[in-house]
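Biologist: I am just starting to read protein models, and I would like a close look at a single part of this one. Could you begin with one loop residue and then show me how it fits into its surroundings?

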Amino acid sequence: MINDFVFENTTKVYFGKNQLENLPNELKKYGTKVMLNYGGGSIKKIGLFDKITNILKSSGIEVFEFGGIEPNPKHTTVNKGVQFARENNIEVLLAVGGGSTIDATKAMAAGYYYNGDVWDLVCGKEKVTNALPIFTVLTLAATGSEMDCGGVISNMETNEKLGLVHPLLQPKISFLNPENTFTVSKYQTAAGSADIIAHILDICYFVKSPKMDMLDMVMESVLKTVVKYAPVAIKEPDNYNARANLMWAASWALNGFLIAGRAQAPTNHMIEHELSAYYDITHGHGLAILMPRWLEYILDDTTEGDIKKFGVNVFGLDKNSSAKDAIEAFKKFLFEDLGLKPTLTDLNIDKTHFKEMSRHCCFGEIMHGYKDLTPDDIEKILEMCL
């Protein structure tokens with residue numbers, strides 16, 4: 001028997017090559033003073049910034065530029081964005097970029113109506129009560145933030161990386177043009193693809209709560225899509241079909257449809273957030289290193305069937321193959337097909353902070369996930385990643 005659940009996703013998506021012409025009319029439904037948020041400036045190099053600003057300004061929309069959002073967005077940057085939005089009486093926030101830019105924009109949207117440090121909202125000290133409307137133009141297939149109501153923010157002062165989730169942070173409209181991902185590097189394409197896979201494995205595929213066969217089959221189809229098209233996008237960066245498949249897979253991996261009432265700790269994400277909080281590494285790469293080691297650690301009689309099923313249905317292994325074969329196929333995909341470096345040592349990470357990271361990510365007690373883990377368990381998994 002499956003869990004009771006409610007599914008609602010209110011984000012309207014314009015998908016394809018020529019959809020930006022719809023941006024001005026959609027924005028005007030919410031206001032004409034728009035804050036355009038972006039990261040390191042790649043959107044200017046590819047001409048997307050000029051294209052968007054020209055479209056908006058020609059339609060009588062004022063554009064206020066806010067750049068410099070980090071790959072692991074910091075709460076201090078979010079606070080600066082909130083102040084900038086208030087000073088310019090911003091009515092709509094437009095995030096142009098990947099998940100980090102969108103996540104930061106969500107936190108700014110909530111922070112606009114809170115008179116204090118936005119970290120209070122992120123850590124749960126205070127509740128989100130209102131938010132500016134959010135629009136997105138996606139440039140990286142990875143996090144799915146363009147079609148969900150959550151975001152992740154880092155506090156480098158306290159070595160914390162936490163999620164901020166609220167229905168008010170659901171983007172109103174998202175524009176998804178695969179062409180905008182043509183210039184994404186091989187490395188970021190690989191890391192983003194690992195992130196897509198992790199959203200499914202961590203949150204709704206490997207679960208101990210009741211399952212729905214229909215959703216398992218959908219999840220496996222999305223996973224197979226990533227396995228098929230990520231290597232193609234790496235080899236042929238301007239392959240529209242490959243980029244389109246990855247972009248839509250990322251959105252559907254985490255827009256709520258696949259969860260169906262199942263709730264558990266996303267083990268790999270929680271551990272990786274500690275790595276990012278301490279070492280500011282690329283999120284998807286950290287997940288790629290963690291996932292197969294986690295599977296190796298939790299492999300027993302209770303998990304063997306699910307892991308074997310993953311290998312057979314996603315990687316096409318023979319039905320007589322084992323769970324260990326599935327894990328090896330997963331490693332091959334991540335570290336050979338995608339070309340990601342396989343260890344934390346490769347990222348200049350040692351075991352110095354493992355003990356405190358392990359305690360922190362399960363709040364000193366037990367992380368209740370697909371397999372419950374203690375801080376000692378997590379420390380051992382991290383050591384397996386060296």
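Modeller: Asn159 counts as partly exposed, because its relative accessibility is 24%, and a residue is called buried only when that value is under 20%. Please keep in mind from the outset that this is a predicted model, and that what I describe has been computed from it. Asn159 sits in the loop that links strand S6, residues 150-155, to strand S7, residues 160-165. Its backbone deserves a careful look as well, since Asn159 has a positive phi of about 55° although it is not a glycine.

If you step back from the loop into strand S6, you come to Ser154, which lies in that strand. Where Asn159 is partly exposed, Ser154 is buried, with a relative accessible area of 0%. Once its neighbours within four places in sequence are set aside, Ser154 is in contact with Asn72, Pro73, Lys74, His75, Trp119, Glu160 and Lys161. Two of these names, Glu160 and Lys161, carry numbers that fall in the range of strand S7, so you can follow the chain from Ser154 through the loop and find contacts of Ser154 waiting on the other side.

It may help to set Asn159 beside another residue with a similar backbone feature, namely Asp280, whose phi is near 55° and is likewise positive in a residue other than glycine. Asp280 is also found in a loop, but one between two helices, H10 (267-279) and H11 (283-298). With a relative accessible area of 43%, Asp280 is partly exposed.

For a view of the interior, consider Met35, which has its place in strand S2, residues 33-37, and which is buried, with a relative accessible area of 0%. Not counting residues up to four places away in sequence, Met35 touches Phe64, Phe66, Gly81, Phe84, Ala85, Ile90, Val92, Leu93, Leu94 and Met108. By way of contrast, Met35 and Asp350 are 315 residues apart in sequence, and their C-alpha atoms are 40 Å apart in space.

The cysteines can be read in the same careful way, beginning with the result that a search of the whole structure finds 0 disulfides. Cys204 is in no disulfide, and the nearest cysteine sulfur, which belongs to Cys149, is 15 Å away. Cys204 counts as buried because its relative accessibility is 0%. The sulfur of Cys361 has its closest cysteine sulfur in Cys362, at 5.1 Å, which is too far for a bond, and Cys361 is itself buried, with a relative accessible area of 4%.

Finally, these parts can be placed within the whole protein chain, which has 15 helices and 8 strands. Buried residues make up 56% of its 386 residues, and Ser154 is one of the buried residues. Among contacts between residues at least 6 apart in sequence, 78% join residues at least 24 apart. The radius of gyration of the protein chain is 20 Å, which agrees with the value near 21 Å that a compact globule of 386 residues would have, while the C-alpha trace spans about 65 × 45 × 45 Å along its principal axes.

Notes. Residues numbered from 1 in each chain as written. Predicted model: local features only at pLDDT ≥ 70, side-chain atom pairs only at ≥ 80, totals over all residues. Heavy atoms only, no water. Helix = DSSP H or I, 4+ residues; strand = E, 2+ residues; numbered from the N terminus. Rg over C-alpha atoms; globule rule 2.2 N^0.38 Å. Buried < 20%, exposed > 50% of the residue type's maximum accessible area, 1.4 Å probe, protein only. Contact = heavy atoms within 4.5 Å. Disulfide = S-S within 2.5 Å.
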